[in-house]
Amino acid sequence: MGSGRLLDQIIQYFQTNSGQYWQYVGQHIFLTVVTLVISMVIALPLGYIGSRIKPVARFCVMFAQVLRIIPSLALLFLLIPFIGTGIVPALIALIVLALPPLLINTILGFNEVSPLYKEVGTALGMNRQQLRRQIEVPLALPYILNGIKLALVEIIASATLATYIGAGGLGTLIFTGLGLYDMSYVVIGAASVAILSLFAMISFDFLIRKVQMHDRTNYSI
């Protein structure tokens, strides 16, 4: 297929199926956001506890390593006999993928906070809650945001597999194209996923730089 014909087919698709396309984008973003929120609710408190209690940290790291070796596609199919198809098994599989970077970076972030800052805060009369809110969390935030960025990119890319079990999303275009031997569908789906991933990376990189600049300005000793 020539590049000119492929481009014509892509243009034609958007002219005739733009509503369907944005429906797939909305499904993909919804699945991504819900997965990320649930993963953060699980991983961030557990990571903070792990940074303070070493056995919990070792368990979290081991748990994250185990999760990383589980193929998401295999997990999807293993879940089908128990909870069927649709968004729930897709969410579970994606959460499994998102937890490792969130857990590890949260533990790392809080462990990297220098005790000197805590000593200064204690000398100024801060209690434990104030130390956590005003010193520990702001200084650990760049690491936490990096974990969120890695998890988000992983979710966006892997959510294409949700199509296999009827959860929708941009993977529908990719697998429809593969089934019909129509590269225009594959290109549209793959390019859209790549653009979403790139936008997430650039946005979080910008946010991390802003937080780091704020930390250097406010926490320089």
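## Contacts of Leu 170

In this predicted model, Leu 170 is in contact with Tyr 21, Tyr 24, Val 25, His 28, Gly 189, Ser 192, Val 193 and Leu 196, once its neighbours within four places in sequence are set aside. Leu 170 is also one of the residues with the most contacts inside the largest nonpolar core, and Tyr 21, which appears among the contacts of Leu 170, is likewise listed with the most contacts inside that core.

## The nonpolar core

The largest nonpolar core comprises 50 residues, and those with the most contacts inside it also include Tyr 13, Leu 31, Ile 148 and Leu 173. At least two residues of this core come from each of α1 (3-52), α2 (54-68), α4 (87-111), α6 (128-158) and α8 (183-218), and the greatest contribution is that of α4, which gives 12 residues.

## Fold and overall dimensions

The chain contains eight helices and zero strands, so that the pattern read along the sequence is α-α-α-α-α-α-α-α. Its C-alpha atoms fill a box of roughly 70 × 40 × 25 Å when taken along the principal axes. Among contacts with a separation of 6 or more, 75% are between residues 24 or more positions apart.

## Burial, surface and charge

Of the 221 residues in the chain, 43% count as buried, while the area that the chain exposes is about 12,000 Å², with carbon and sulfur atoms supplying 68% of it. The side chains include 13 positive and 8 negative ones, and the centres of these two sets lie 10 Å apart.

How values were computed:
Residues are numbered from 1 along each chain as its sequence is written. This is a predicted model: local features need pLDDT of at least 70, side-chain atom pairs count only at pLDDT 80 or more; totals for chains, interfaces and linings use all residues. Side-chain values use heavy atoms; hydrogens and water are left out. A nonpolar core is a set of buried Ala, Val, Leu, Ile, Met, Phe, Trp, Tyr and Cys residues joined through side-chain atoms within 4.5 Å. Buried means under 20% relative accessible area, exposed over 50%, partly exposed in between (1.4 Å probe, protein chains only). Helices (H or I, at least four residues) and strands (E, at least two) are DSSP runs, numbered from the N terminus. Contact means heavy atoms within 4.5 Å. Accessible areas come from the Shrake-Rupley method with a 1.4 Å probe; for residues, only the protein chains shown count as cover. Lys and Arg count as positive and Asp and Glu as negative; His and the chain ends are not counted. The place of a charge is taken as NZ of Lys, CZ of Arg, CG of Asp or CD of Glu.
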